[in-house]
Structure formats: C-alpha cells, structure tokens
Amino acid sequence: MSEGPITPPMSPGHSEEGCMEDSITVDSEPRFSGPTQPPMASNLGQAQQEGKQTLNEEMDALKVTTPPKPPLRLLEDEQVHVEKSGSLRLKDFEIKGTLGTGTFGRVLLVRLKTAAPATHNYFAMKVLRKTEIVRLRQVEHVNAERYIMSRVRHPFVVDLYATFQDSLNIYMLLSYVPGGELFTHLRRAQRFTPDVTRFYLATIILALKYLHSFNIIYRDLKPENLLLDSRGYLRLIDFGFAKIVDDRTWTLCGTPEYLAPEIIQSDGHGKAADWWACGILCYEMLVGYPPFFDETAYGIYEKILRGYINWPKDMGRSSRDLIREFLHPDRSKRLGNMIGGPQDILDHPWFRGVDWDALERCEIRAPIIPHTTSNDDTRHFLHLPFPPVEEMPGLVKEEQPLPLQQRFDPIAYQFLEF
Ligand SMILES: Nc1ncnc2c1ncn2[C@@H]1O[C@H](COP(=O)(O)OP(=O)(O)O)[C@@H](O)[C@H]1O
Ligand SMILES: [Mg+2]
C-alpha cells in the first residue's frame, strides 16, 4: 500500500509559533509526549485485518512469558546526589531565559547568584505547575522522575542537582546542556550519515543499557529529549515517563511515533519498548523522519501495527537489517531483548569498529561540536518569551513559612520529596 507523500512531521513544540499549548490530547497532535489515549479498538482491528501477517498471531505467541529477571543493580543502593534541604535555595537563582516548554511547565536557564565568579553557575531549571500535574494525574510520574534522576549518574544522562517547591510549582535543578536538541540538528542537516547516526545511537544504547541494569525503562526516547553537551555528546533528559519495572507495566504513555506495538495494544510493556524506540530513532536519523507517521495519532498507531516500512533506495542493507531487528513486533525476537540482552546490540555487525569503552569515556570526537561562546549561550534553543515571574513566586522571593504551608496544603503533600 502506498504511504502517500513523505514530508517530515513537525513537532508541535517546534512549530514556527514557538511554544506548544499545554494540551496532552494526542489524537490530533502527533509527535507529542503525554499519557496517551488508548487507540480505538475498531480502528486498530481494521488495521490488523489489513496487515499481511496478523499481529494477533505474533502476540499470542508472546503469552508464554518468561519470569521477570531481577535487576543487575538496585537503585536504592545507589548514592543519592540530590539533597532535600541542602544549602541551595530557590531565591539564590536568577532567571536568564526560557529554554523550552513542555506538557506541564517550562525549562528555564538560571544563574546561581551566590556562585563565585568564573565557576560553574548556569543551570537549567525545570518548573512544573503542581495543579497541572495533579489535573493530568502525573503525580506518580513526577515523583518517579525525581527518585530515578536523583540516583542515576551516567555520562550520557543529564545530572539532577537539587529539587524545590513553592506554593505553585515544583522545580528540578539540572545541568545546563548548551548544544540544543538533537531534533534541531537533525532537522537542520535533514538526515545524518550512517557514521553520524552510529555515534549518536551508540551513546543512547549505552545510556539505556545502564538504565535497564536497574530495571528502569525510559519510555520517551525521541530527538527532542536528547541534547548535545558542549563536547557534542548526547545527554538524555526528561525522565517524566521513566519507571522501575521488574517485568511489565500497562500505563499508556510516550510519543505516538515512537510507541512499540505492545504499548498501543495495552499488552504490557517493558525494556523491549525502549529498544523498539531505538529502531525508530535510527530510521529517523538516517532518513530524516520516522518510519510511521500520519496526521493523527490513530493513523500512526494503525501504521505501527500494520508494520509496513518504506525503505529509501539508498539505505544500506546493514542499516535496514539493524532497524528491522529493532522493529520486530515480537518482543522475544527483538534486538536487545533476546537471551543475549543488550550485548547483542553491541555485537551487531552494524556497530563493528565501535570502541564502546572509549565511547563511554568520551574519548571519541563527536560529529557535531556545538558552537557556544559563553556558558549562558542559548543560541541552540528557540528564543522563547521570558516567563511571567509571578508564576514562579519562590524564585523571586522566599515564601514564608513554606514547611508549615506544605503540611496543610493537600497539593504540596503529594510532592513531599521536593
Ligand atoms: N538540562 C537542560 N539543558 C538545556 N535545555 C533543556 C534541559 N532540560 C530541558 N531542556 C529544554 O526544555 C525542553 C523540555 O524539557 P523536558 O524535560 O523534555 O520537559 P517535558 O517533560 O515537558 O517534555 C527540552 O526539550 C529542551 O529543549
Ligand atoms: Mg521532553
């Protein structure tokens, strides 16, 4: 079946108009992460009937499941890198601009006013509106984001230093990653060569392998959540959907283009869904747009379940093989999720020649070194409007008495770790 004209989809967060609205409905706005709507059974039933090989047969084969494996390491044993009531206070930070907007709030560039000159004093502050988190039933996700980010430390994962809350928002203080989103660089280049793709994909695989060793699934892989640091290495940001899962979980969330079939079918998903997303990301980097896209989220779901992939003629056979192996609808046959685990990916012929240890030590020259002239340079981000300061009361002046207020505030009570 013809897939129609191929034009790269734009993320609503990257439209010419700038920031996106705070809707989480994915029906009409693909390329937007959020707790997703379950697909309409009638639509998908039809999609399956049209498919050459029915996905149902393959899904039935999956019902014979293996018992969950314990994690290689326990997150609770890891050092906590974030202090709850440390020496930092919200009002020690000055807002310098807006780096991005998201579903529940925004990310600001801030400067630590009390830092000594010439020290590392610029940070990214993720600000989430508490009433929005509650309204969109994301309390558990936000608390998991804090718990996970406070303990993971990896060269390809953004660092969380501190968290705060005031009467309106919760705040996460992160390292500022100045090179902008991989999304921006990819759209500018249109597509990447296999060598450039290999570099980025290899770093993501190491980051996911690390997270999976704690049984953390990430669930929101896409070029908007990958930032280039000053050396040109990727940093995974946005742990809003990350979860510790011993076996499978059933919450529908993620970004339509990147959802694995088992997520769409509410069949329970686990680490294998992240490896599926690697296949989508690899295709998007090599081709310039993802393999399954449509005007609507339902249209995307149908295409994912139908499984038809349009291969550009100039794509090499080995790249095609790698992507096919990641995009296997049967999780038990999907690359990264078989008996050999992620090591199968590292040993895959497509990655031949990659020095994985040197890469993890950041000893390999990155393909794009972002140009920046100062440590508050924001040229790689959209120039979004300055946020209204009254919406961030705790950043302007210390609110009194916060601990007392938190004890009686039913919303603050849901974010006790912040
Ligand atoms: N540490 C950071 N450094 C620089 N920019 C960031 C950082 N964290 C987030 N951003 C920018 O803000 C955007 C939204 O942040 P993200 O954590 O993905 O929020 P959301 O959960 O709303 O998607 C990102 O896509 C990126 O452009
Ligand atoms: Mg994001």
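## Strands E2 to E4 and the surroundings of ligand 1

Strands E3 and E4 pair over seven bridges, and they do so in the antiparallel sense. Keep in mind as you look that this is a predicted model.

Let us stay with E3 for a moment. This strand spans residues 105-112 and is mostly covered, with six of its eight residues buried. On its other pairing, E2 and E3 also run antiparallel, joined by seven bridges. A hairpin of three residues makes the connection from E2 to E3. If you would like a residue pair to find in each pairing, here is one for both:

| Strand pair | Residue | Bridge partner |
|---|---|---|
| E2 and E3 | threonine 98 | leucine 108 in E3 |
| E3 and E4 | valine 110 | phenylalanine 123 in E4 |

Now to the ligand. How many residues surround ligand 1? The shell holds 20 residues, and the closest are Gly100, Gly102, Val107, Ala124 and Asp238. Strands also have a part here: E2 (93-101), E4 (122-129) and E6 (169-175) each supply at least two residues of the shell around ligand 1.

Which domains does the shell draw on? At least three residues come from domain 1 (44-71 + 180-360), and at least three from domain 2 (77-178 + 375-415). By class, nine residues of the shell around ligand 1 are nonpolar, seven are polar and four are charged.

Taken with the pairings above, E2 and E4 are strands to follow in the view: each is paired with E3, and each supplies at least two residues to the shell around ligand 1.

Definitions and conventions:
Residues numbered from 1 in each chain as written. Chains lettered and ligands numbered in written order. Predicted model: local features only at pLDDT ≥ 70, side-chain atom pairs only at ≥ 80, totals over all residues. Near = placed C-beta within 6 Å. Helix = DSSP H or I, 4+ residues; strand = E, 2+ residues; numbered from the N terminus. Nonpolar A, V, L, I, M, F, W, Y, C, P; charged D, E, K, R; others polar. Domains from an automatic or database assignment. Buried ≥ 20, exposed ≤ 12 C-beta atoms within 10 Å, placed from the backbone. Pairing = 2+ DSSP bridges.
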